[in-house]
Every structure is written in C-alpha cells, then in structure tokens.
Amino acid sequence: MVPKSEKRFIRLNLITLIVTLVLILAGAVVRSTGSGMGCPDWPKCFDQYVPPTSVDQLPKDYKEKYVAGRVKKNERFALMLDKMGKKDVADSIRHDQSITVPESFNAAKTWTEYINRLTGAATGFLLIAVTVLSFTYKSKAKRIIVLSVLNLFMVVFQAWLGSIVVSTNLLAWVVTVHMLLALVMLAILVYTHYYGVSLHKEPTVVISKVFWLKVLILVSLILSVLQIVLGTEVREAIDEISKNLLYQERHTWIGKIGDIFSYHRDLAIFVVVLNAFIYQFVMNKFGGKATELKLGNSIVLVLMVQIASGLLLSNFALPPAAQVIHLVFSTVLFTLQFYLYLLVYRTSTYNQ
C-alpha cells in the first residue's frame, strides 16, 4: 500500500510536470508571436499587476521610462558578468543599441506575455507545494527532498533569468540558457515522480539484459538536448534575419539561415532513425501493457508530430503555430525519453 501522503506527492508532482510543459507552451507562443517585450518591465507589467488594455492608460513618456529602466538593469547584469570574468560579454550588453530602442504598446503582445508570467507564477507555487510534500520521504528517500528543494531554487533563478531576457531584449545566449534550465527542471520532476512511484513497484523482469537499449536511449537523450539547442540557435538566426528585412519577404528567411539550419535538419533525420531502432528494441524486450512499450508508442507519435511540424516550418515560411508545436513537442520528446531511460536503467540494473 502507498501511504496517502506519498500518493499526494506523486499526484502533485505529476500535475506540476504537466503545468511546467504548459509553461513551455506559453513561452513558445510568446516567442513565435514576438511578444517577449510585451511587458517591458518585471515582475510587474507596465508597473501594474494587471496590465493595461489601451495605450491611453499609460503615461506619454512610457517608452523612455522603460528603456531607462532596462539600461539600468543591464548595467547591473554587466557588472555581475565583469566579476565573473566575462568582460567581453558584459561589454557587448553595454553596447547593444537594440536595448535602447523603445517598444510601442501592443495589447495582444502584452497580454500574451502576461499570461506566460501567470503560468510561471502558478508553476512556482506548485513547486513550493511539491517541496513541502516531499518531506514525507525524509525517512526513506531523502534524494526526493533534495531534488525538490533544488527545483524550487531553480524556478526562482529562472524567474530572475526571465527578467534578464526581458531587459536584454531577448539576448540570444540568455534565451538558450533559459531553455536549457527549463529542461533541467523537467528532468528533476520526471525523476522525482519516477522514484516516488518506483519505491512501491517491482522492476519489470525481462529475460535478457538491456544494456544496449539503455545506451541508445541515453544517446537519444543527449541528441534531443542538442537538437533543442540547435533549434534555439535557428530561431535566433531567424529573429536577426527578420529584423534586418523589416519582417518582410518571410519566404526567404529559411534560405538565409546558413549551416546551422542544415545541421539541425540532418541531426533530426539521425534522431528519427535512432529512435526507430530504440522502438524496435523496446518491442522486442517488453510486451503487453508494459509502461516501457507505452512510452515507446508515445515517442513514435511525438516524432511524427515533430517531422510534420518541421516540414511545415521549412516549406511554408515558418507558420507561428508550427513553431509552437515544434518547440513544445521537442520538450515532450525529451520528457518521455528520460522517463523511458529511467525505467530501462532500473530494469537493466535489476537483471545484471
């Protein structure tokens, strides 16, 4: 029997995992619609807890005010980078003229970004609750407590980093770090959920060892992270190209990206082939209603969505909806692969 307190933790951990994926979805919508600067300040939005719906609700000098605030905040960030020995990066932030370009009020973009922030706040409160409930494992699984506390600190750092994303006007490498930390948070939630469940479950017994399956899944995980990083860099290149072309000639943007797009596309083909081998492996080793097989089926479906959205992006001038789907399902793929890896790792350890 699973104690009620542990059931509550497992359930809330799963809810938090799902809400974190929703947060990534909200962030993807913000990114694809160009709403990242919809709220020029942080944590409030135009100095309000509930943002305005009309420019008439803002003072006449609002553009200058928020540009000055950004410059001041970026100087503090640059000073911090100086102390870390990143003088070149700090200087690039200080001399980035795009930061001084004021953003005109756009109600749709403002509320898109505001909803993203509300989702982030909800995730934060859920992580607080998960951390509190994790102490039910203080006598049997302290790693769950440690990881839950770590994730709580991570979300605080993510919130701060989100403010830097805003103040630096979506500085490329900051956006990439922001995305990678989101993957770390997902991985922690997946692990604490898996470990909480596994404490009351016998490992799946298979006849033969699954060492090579474990290796293949680990490689696919690493490649998925690399693909997400490359995808982020592709998006950053597109942002630069679109600005230079004044957001015109959308059909030419893909052709101007360069080698990074080719690397992203070619690696995607390799990822699909690798996961096809993994799926065949899973089918051979696990049958019936095994969780491993269900995860394998889910990974195949996600890859099909990824292929379809990738083709839409490359052949139909980067439709925003396809951008959102492509990014969100890349994180869903990572989540499923990591859970499958944990299950197979436990199985292989049990049999060896």
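**Exercises: salt bridges, loops and confidence**

Arg94 is partly exposed, with a relative accessible area of 30%. "Partly exposed" lies between buried (under 20% relative accessible area) and exposed (over 50%), with a 1.4 Å probe and protein chains only. Arg94 also belongs to a salt-bridge network that joins it with Glu75, Asp82, Lys87 and Asp91 through shared partners.

This is a predicted model, in which local features need pLDDT of at least 70 and side-chain atom pairs count only at pLDDT 80 or more, while totals for chains, interfaces and linings use all residues. Residues are numbered from 1 along each chain as its sequence is written, and side-chain values use heavy atoms, with hydrogens and water left out.

**Exercise 1. Find the salt bridges of Asp91 with Lys87 and with Arg94, and place them in the helix.**

Step 1. Apply the cut-off: a side-chain nitrogen of Lys or Arg within 4 Å of a carboxyl oxygen of Asp or Glu.

Step 2. Check Lys87. Its closest N and O atoms with Asp91 are 3.9 Å apart, and the pair forms a salt bridge.

Step 3. Check Arg94. Here the closest N and O atoms are 3.2 Å apart, and Arg94 also forms a salt bridge with Asp91.

Step 4. Look at the spacing. Lys87 and Asp91 are about one helical turn apart, because they stand four residues from each other in helix α3. Arg94 and Asp91 are three residues apart in helix α3, so about one helical turn separates them too. Helices are DSSP runs (H or I, at least four residues), numbered from the N terminus.

Step 5. Read the cover on Asp91. Its relative accessibility is 23%, so Asp91 counts as partly exposed.

**Exercise 2. Which parts of the chain does the salt bridge of Lys65 and Asp47 link?**

Step 1. Start with the whole structure. A search finds eight salt bridges.

Step 2. Take the pair. Lys65 forms a salt bridge with Asp47, and their closest N and O atoms lie 2.5 Å apart.

Step 3. Locate both ends. Lys65 sits in helix α2 (residues 62–83), and Asp47 sits in the loop between α1 and α2. The two are 18 residues apart, and the pair links distant parts of the chain.

Step 4. Compare the surroundings. Lys65 is partly exposed, at 41% relative accessible area. Asp47 is partly exposed, at 39%.

**Exercise 3. Is Phe46 buried or exposed, and what is the sign of its phi?**

Step 1. Place Phe46. It is found in the loop between α1 and α2.

Step 2. Read the backbone. Phe46 is not a glycine, yet its phi is positive, at about 55 degrees.

Step 3. Read the cover. Phe46 has 5% relative accessibility and therefore counts as buried.

Step 4. Repeat for Glu249. It is found in the loop between α7 (211–244) and α8 (259–285). Glu249 is not a glycine either, and its phi is positive at about 50 degrees. Glu249 is partly exposed, with a relative accessible area of 45%.

**Exercise 4. Where in the chain is confidence lowest, and where is it highest?**

Step 1. Use pLDDT, the predictor's confidence in each residue, from 0 to 100.

Step 2. Take the chain. Its mean pLDDT is 87, and 94% of its residues reach 70 or more.

Step 3. Take the extremes. Confidence is lowest in helix α3 (residues 87–94), at a mean of 81. It is highest in helix α4 (residues 107–134), at 94.
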